[in-house]
Amino acid sequence: MTRYENLVCYAENIGAEVIEVDYYANKKYGRCIKGYILINQRMTESEKIEVLSEEIGHYKTTFGNISDLSNIKNSKLEKIARREGYKIFAKPSLLIDAVKNGATADYEIADYLNVSTAILLDVVEDLKQQYGIRIPIGDYYLYLEPHLDIALNKDKINKKNNKGDVFNGKEQQ
């Protein structure tokens, strides 16, 4: 199954029905209306992943019509839904996986995640707002500046290894 098909299954498992609709335009577009998520069928697979993720975010976090983004409350709800969507396709652990698998440039990481470089950069900016430029994830740190990169979290590794190791100057026994 493709990543998009898995995402459709996920949406259905949480109670949303995903319907692809021909909006007669080749633009990124989706709507969440009363338990239905409508997706423009003319989008690319990557665009569908991006849009469906955000619409799932709306399904999980918002209700009612929030299309008037000049209203501060609606704007905040939009940001919450978008952030929820980001967690689906580009959570920090997936970014670490991308780098561990050899993706180093933004376009390579975006390709690994099957999203556009523009949306990847939006995700990185959102993560910086939430966590700063370094995020501890498991045995790694995810660095968001000057570019996406990872490093071993030596403190975490030392705590796991109570016998000591090369990181704290003791030989392993």
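A pocket is an open set of grid points with protein on both sides within 12 Å along at least five of seven lines, and its lining residues have an atom within 4 Å of a point. The views below come from a predicted model.

**View 1. The largest pocket and the residues at its centre.** The lining counts 27 residues. Those that lie nearest the centre are G30, R31, E55, H58 and E78. The space in this pocket comes to about 710 Å³. By class, the lining holds 11 nonpolar residues, eight polar and eight charged.

**View 2. Elements around the largest pocket.** Three elements each supply at least two lining residues: β2 (30–33), α2 (45–61) and α3 (72–89). Of the elements, α2 gives the most, with six residues.

**View 3. The second largest pocket, between entries from α3 and α6 in its lining.** Its volume is about 160 Å³. Two elements, α3 and α6 (117–131), give two or more residues to this lining. The larger share is that of α3, which gives the most with six residues. The lining is made up of S75, E78, K79, R82, R83, Y86, D122, E125, D126 and Q129. Seven of these residues are charged, two are polar and one is nonpolar. E78 appears here and also in the group nearest the centre of the largest pocket.

**View 4. Helix α2 crossing helix α3.** The two axes come within 7 Å and cross at roughly 125°. That angle is over 115 but not over 145, so α2 counts as oblique to α3. The crossing is right-handed. On the α2 side, the contact is made by I49, E50, S53, E54, I56, G57, H58, K60 and T61. On the α3 side, the contact residues are E78, I80, A81, R82, E84, G85, I88 and F89. By class, this contact divides into six nonpolar, five polar and six charged residues. H58 and E78 belong to the contact, and both also lie among the residues nearest the centre of the largest pocket. R82 of the contact also lines the second largest pocket.

**View 5. Helix α4 crossing helix α5.** Helix α4 covers residues 92–100, and helix α5 covers residues 106–113. Their axes come within 9 Å and cross at roughly 115°. The range 65 to 115 counts as roughly perpendicular, so α4 and α5 are placed in that class. This crossing is right-handed. From α4, the contact takes in L94, L95, D97, A98 and V99. From α5, it takes in I109, Y112 and L113. Seven of the contact residues are nonpolar, none is polar and one is charged.

**View 6. Backbone at Y24.** Most residues other than glycine have a negative phi. Y24 is not a glycine, yet its phi is positive, about 60°. Y24 sits in the loop between β1 (17–21) and β2. The strand β2 that follows this loop also supplies at least two residues of the lining of the largest pocket.

**View 7. The peptide bond between E145 and P146.** Most peptide bonds are trans. The bond that joins E145 and P146 is cis, with omega of about 0°. P146 is placed in the loop between β5 (140–143) and β6 (149–152).

Terms used: Residues are numbered from 1 along each chain as its sequence is written. This is a predicted model: local features need pLDDT of at least 70, side-chain atom pairs count only at pLDDT 80 or more; totals for chains, interfaces and linings use all residues. Side-chain values use heavy atoms; hydrogens and water are left out. On a 1 Å grid over the protein atoms alone, a cavity is a set of points where a 1.4 Å probe fits but cannot get out, and a pocket is an open set with protein on both sides within 12 Å along at least five of seven lines; lining residues have an atom within 4 Å of a point. Grid points are joined across faces, edges and corners, and a volume is the space filled by probe spheres set on the points. Helices (H or I, at least four residues) and strands (E, at least two) are DSSP runs, numbered from the N terminus. Ala, Val, Leu, Ile, Met, Phe, Trp, Tyr, Cys and Pro count as nonpolar, Asp, Glu, Lys and Arg as charged, and the others, Gly among them, as polar. Axes are lines fitted to C-alpha atoms, for helices over the stretch in contact, and angles run from 0 to 180 degrees between N-to-C directions. Angles under 35 degrees count as roughly parallel, over 145 as roughly antiparallel, 65 to 115 as roughly perpendicular and the rest as oblique. A crossing is left-handed if the near helix is turned anticlockwise from the far one by less than a right angle, and right-handed if clockwise. Contact means heavy atoms within 4.5 Å.
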